[in-house]
Amino acid sequence: MAEKEKLHRTTIGGQALIEGIMMKGPEKTAMAVRTKEGEIVIEEKENKQKKWYNKVPFIRGSVNFVSQLADGYHYLSRSAELSGMAEDENDGEEMTKFEKWLDEKLGDKLMNVVMTIAMVLGLALAVVLFVFVPTWLFMLLQYIVGETDLSPFQSLFEGILKIAIFITYMWLISKTEAIRRTYEYHGAEHKTIFCYEKGLPLTVENIKPQTRFHPRCGTSFIFLVLLISILIYSIFPITNQMFIDAFGVSDFVAMILRVSSKIILLPVIVGISYEVIRLAGRYDNVCTRIVSAPGLALQRLTTKEPDASEIEAAIAAMKAVIPEDKESDKW
């Protein structure tokens, strides 16, 4: 494979926040958020030293994914506070007795608690939408067709349905004003990283012409997880009928066993996907372009063209995490 030599491929990555951006470098993580007054507030912290499991292929994918998910919710919560969004939601409304009680008991920690609850509910919803719903719909289809055995196509059917649910969800939320602005910050993040990789000064003028589609994006990673899960479960099918034949259980119990087994195998899928996206980011050939293409296409939904103020926030976050030794952030 021909390695991409022209650009300085960086490990620095980011996340769009509420009126801001988080960037994570090899040594530091920084968040830049624009307040209601128009100022950009920057908060930095040193990264924890990586453990052995953060570096082992196929294991590091799941570990890093969980860590980034937790960090992402933390910075999202903090950006809501700094941007004034949390205050805006309560403007002109008198707090209920329950809200007053929560405010008295939790104080400044209230937003963190709310975001934690939201994260748990979000994960639960994801399990329902992407695990239970496709399996239940397949069982319904099997019931409708009657004696025809559709089990060989179960993994393919569910995989296509998961992708359809994911794309529909991303499209629907893109219609809201708040999410659209977040997608604009997402575009600013990608453009800024590309500008840095090309060795250009980080200015609004240099960043604006850059592409907003990046092969190492988190959106591409999630989409890749869905595609690889279809491939693996098609090669090594786990069907309801398999559990019925093996244990003589009912359709419902077979569904629960199948869903449970897929949840258990999820870290394996994530680990493989992580290694694949690393290769796609490092090399440039026909294979890696094919791997990157679906995720790049999906970014037309999850990234939007940013304005100058959003790019300025991305620059502030980026500059804070660029290491002195340029080789330390090499991909």
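**Inside the model: a cavity, a pocket and two cores**

Hi everyone, let's begin with some empty space: the lining of the largest cavity is made of eight nonpolar residues, three polar ones and no charged residues. Before I go on, please keep in mind that this is a predicted model.

How do we look for empty space at all? Rolling a probe the size of a water molecule over the atoms shows where it is left.

So how many cavities of 30 Å³ or more does the structure hold? There is one. The volume of the largest cavity is about 60 Å³. If you want to find the cavity on screen, look for P215, S220, F223, L224, L227, I277, A280, V291, S292, P294 and G295, which line it. Three helices each give two or more residues to that lining: α8 (218-235), α10 (251-282) and α11 (286-302).

Next, a pocket. The second largest pocket has a volume of about 280 Å³. It is lined by 13 residues, and those closest to its centre are M139, Q142, Q241, I244 and D251. Two elements, α4 (110-145) and α9 (240-247), contribute two or more residues each. Which of the elements gives the most to this lining? That is α4, with four residues. By class, we find four nonpolar, six polar and three charged residues around this pocket.

Now let's turn to the packed parts. The largest nonpolar core has 23 residues, and I21, M23, L202 and M318 have the most contacts inside it. At least two residues of this core come from each of β2 (20-24), β3 (28-34), α6 (177-197), α7 (204-207) and α12 (308-321). Of these, α12 gives the most, with nine residues.

Let's zoom in on M318. Setting aside neighbours within four places in sequence, what does M318 touch? Its contacts are I12, M23, T192, I193, Y196 and L202. There is also a second, separate core of 13 residues, including I228, Y233, F243 and I277. You have met I277 already, in the lining of the largest cavity.

My last stop is a single residue, N47. You'll find N47 in the loop between β4 (40-46) and α1 (60-83). Where does its side chain reach? It comes to 2.7 Å from the backbone oxygen of G25. Not counting residues up to four places away in sequence, N47 touches K24, G25, P26, E27, K28 and T29.

That's my tour. Thanks for listening, and I'm happy to go back to any part of it!

Methods:
Residues numbered from 1 in each chain as written. Predicted model: local features only at pLDDT ≥ 70, side-chain atom pairs only at ≥ 80, totals over all residues. Heavy atoms only, no water. 1 Å grid on protein atoms, 1.4 Å probe; cavity = no way out; pocket = protein on both sides within 12 Å on 5 of 7 lines; lining within 4 Å. Points joined across faces, edges and corners; volume = space filled by probe spheres on them. Nonpolar A, V, L, I, M, F, W, Y, C, P; charged D, E, K, R; others polar. Polar contact = N/O pair within 3.5 Å; in protein donor to acceptor, adjacent residues only side chain to side chain. Contact = heavy atoms within 4.5 Å. Core = buried A, V, L, I, M, F, W, Y, C linked by side-chain atoms within 4.5 Å. Buried < 20%, exposed > 50% of the residue type's maximum accessible area, 1.4 Å probe, protein only.
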